[in-house]
Amino acid sequence: MRAIITLCKVAVVAFPPATVASLLPSILRGVMATPSATLRTQTRSAVKLLVLKLHRKFGAEAVAPYIPAEDAALLKGIVKAAARKGRKKHAARSAAAHAM
């Protein structure tokens, strides 16, 4: 399962965005539908990194419809972390601009 997730991460980076966008439903359906709880805990960080890459490339609006309801917290956390990172970066830039 981990090898499949790694292949998907490489495909997201290597293929053109239009190709990945057409494969987005099948990628997320396959990755999010892990058969057992044990396998799910073993691949949690790899799935999170894949969803993070997809969020960066396509945005939360494009990824959200394909995330199951029980995994919605994963995407919500990624969106909140990205917003927090953006606020920190903006604050650092404005502090550096004011220091000059």
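**An all-helical chain and its H1–H4 packing**

Reading along the sequence of this chain, we follow the pattern α-α-α-α-α-α, and I should say at once that what you have in front of you is a predicted model. The count that goes with that pattern is 6 helices and 0 strands. As for overall form, the radius of gyration of the chain is 16 Å, whereas the globule rule gives 13 Å for 100 residues, and because the value is well over that, the chain is more spread out than a compact globule. The box that the C-alpha atoms fill, taken along the principal axes, is roughly 55 × 30 × 25 Å.

Let me turn to burial and contacts. Of the 100 residues, 26% count as buried, and the accessible surface comes to about 6700 Å², with 64% of that belonging to carbon and sulfur atoms. If we take the contacts between residues at least 6 apart in sequence, 67% of them join residues at least 24 apart.

One helix pair deserves a closer look. How do H1 and H4 pack, and at what angle? Helix H1, residues 2–14, and helix H4, residues 44–58, pack at an angle of about 15°, and their axes lie 10 Å apart. Since angles under 35 degrees count as roughly parallel, H1 is therefore roughly parallel to H4, and the crossing of the two helices is left-handed. On the H1 side, the residues that meet H4 are Ile5, Cys8, Lys9, Val12 and Val13, while H4 contributes Ala46, Val47, Leu49, Leu50, Lys53, Leu54 and Lys57.

Methods
Residues are numbered from 1 along each chain as its sequence is written. This is a predicted model: local features need pLDDT of at least 70, side-chain atom pairs count only at pLDDT 80 or more; totals for chains, interfaces and linings use all residues. Side-chain values use heavy atoms; hydrogens and water are left out. Helices (H or I, at least four residues) and strands (E, at least two) are DSSP runs, numbered from the N terminus. The radius of gyration is taken over C-alpha atoms; the globule rule is 2.2 Å times the number of residues to the power 0.38. Buried means under 20% relative accessible area, exposed over 50%, partly exposed in between (1.4 Å probe, protein chains only). Contact means heavy atoms within 4.5 Å. Accessible areas come from the Shrake-Rupley method with a 1.4 Å probe; for residues, only the protein chains shown count as cover. Axes are lines fitted to C-alpha atoms, for helices over the stretch in contact, and angles run from 0 to 180 degrees between N-to-C directions. Angles under 35 degrees count as roughly parallel, over 145 as roughly antiparallel, 65 to 115 as roughly perpendicular and the rest as oblique. A crossing is left-handed if the near helix is turned anticlockwise from the far one by less than a right angle, and right-handed if clockwise.
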